[in-house]
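User: I am new to this structure and would like a close look at a single part of it. Please choose one stretch of the chain, explain how open it is to its surroundings, and then connect it with the rest.

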Amino acid sequence: MTLPILVLSLPGCEARRAPLLGFLAAAGLPHEVLFGVDGRNGLPEPHCAEVHRAAARRRLGREMSDREF
């Protein structure tokens, strides 16, 4: 069984992911790029409703930052 190669990246980070994608392509390894949400400057409003902060706090025993979500 072959596991899929998933590359998690942010929109606008083409230069950062280019070396990895080039390596994967040169090696003939199929892959898919998935785009995450950039929480470095706070979680964008549409995504706040998708986050359950209280459940994360109970599970981890601490608060999670927007970057982690």
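Analyst: A residue is called buried when its relative accessible area is under 20%, exposed when that area is over 50%, and partly exposed in between. The part to look at is the loop between β1 (5-9) and α1, where Gly12 is found. Because its relative accessibility is 58%, Gly12 counts as exposed. The model is a predicted one, and everything below should be read as a description of that prediction.

To place this loop, it helps to follow the chain from the N terminus, along which the elements run β-α-β-α-α. The radius of gyration of the protein is 16 Å, well over the 11 Å that the globule rule gives for 69 residues, so the protein is more spread out than a compact globule. Along the principal axes, the C-alpha atoms fill a box of roughly 45 × 30 × 20 Å. Of the 69 residues, 12% are buried, and the exposed Gly12 is not among them.

On one side of the loop lies helix α1, which covers residues 14-26. Its 13 residues, at 1.5 Å a residue, should span 18 Å, and the end C-alpha atoms are 17 Å apart, which agrees. The helix nevertheless carries a kink of about 25°, centred on Leu20. Just after α1 comes another glycine to note, Gly28, which takes a positive phi of about 70°.

On the other side of the loop is strand β1 (5-9). Leu6 and Leu8, together with Leu34, make a nonpolar surface patch of about 310 Å². Leu34 belongs to strand β2, residues 31-35. At 35% relative accessibility, Leu34 counts as partly exposed, because partly exposed residues fall between the 20% and 50% cut-offs.

How far does the loop lie from a residue much later in the chain, such as Arg53? Gly12 and Arg53 are 41 residues apart in sequence, and their C-alpha atoms are 27 Å apart in space. Arg53 has a partner of its own, since its side chain meets that of Asp66 in a salt bridge, with 2.6 Å from N to O. This pair links distant parts of the chain, for Arg53 is in helix α3 (residues 53-60) and Asp66 is in the segment after α3, 13 residues apart. Both are partly exposed, Arg53 at 31% relative accessibility and Asp66 at 22%.

That contact is one of the salt bridges in the structure, which holds 5 of them. Another joins the side chains of Arg62 and Glu68 at 2.8 Å, again from N to O. Here too the partners are partly exposed, with a relative accessible area of 40% for Arg62 and 39% for Glu68. A further bridge brings together the side chains of Arg40 and Asp38 at 2.6 Å. In that pair, Arg40 is partly exposed at 47%, and Asp38 is partly exposed at 33%.

Returning to the starting point, Gly12 is an exposed residue in the loop that leads from β1 to α1, and its C-alpha atom is 27 Å from that of Arg53.

Note on methods: Residues numbered from 1 in each chain as written. Predicted model: local features only at pLDDT ≥ 70, side-chain atom pairs only at ≥ 80, totals over all residues. Heavy atoms only, no water. Patch = residues over 30% accessible without salt bridge, like charges linked within 9 Å, V, L, I, M, F, W, Y side chains within 5 Å. Areas by Shrake-Rupley, 256 points an atom, 1.4 Å probe, with all protein chains shown as cover. Salt bridge = Lys/Arg side-chain N within 4 Å of Asp/Glu carboxyl O. Helix = DSSP H or I, 4+ residues; strand = E, 2+ residues; numbered from the N terminus. Buried < 20%, exposed > 50% of the residue type's maximum accessible area, 1.4 Å probe, protein only. Expected span 1.5 Å × (residues − 1). Bend = angle between axes of the 7 residues up to and from the residue. Rg over C-alpha atoms; globule rule 2.2 N^0.38 Å.
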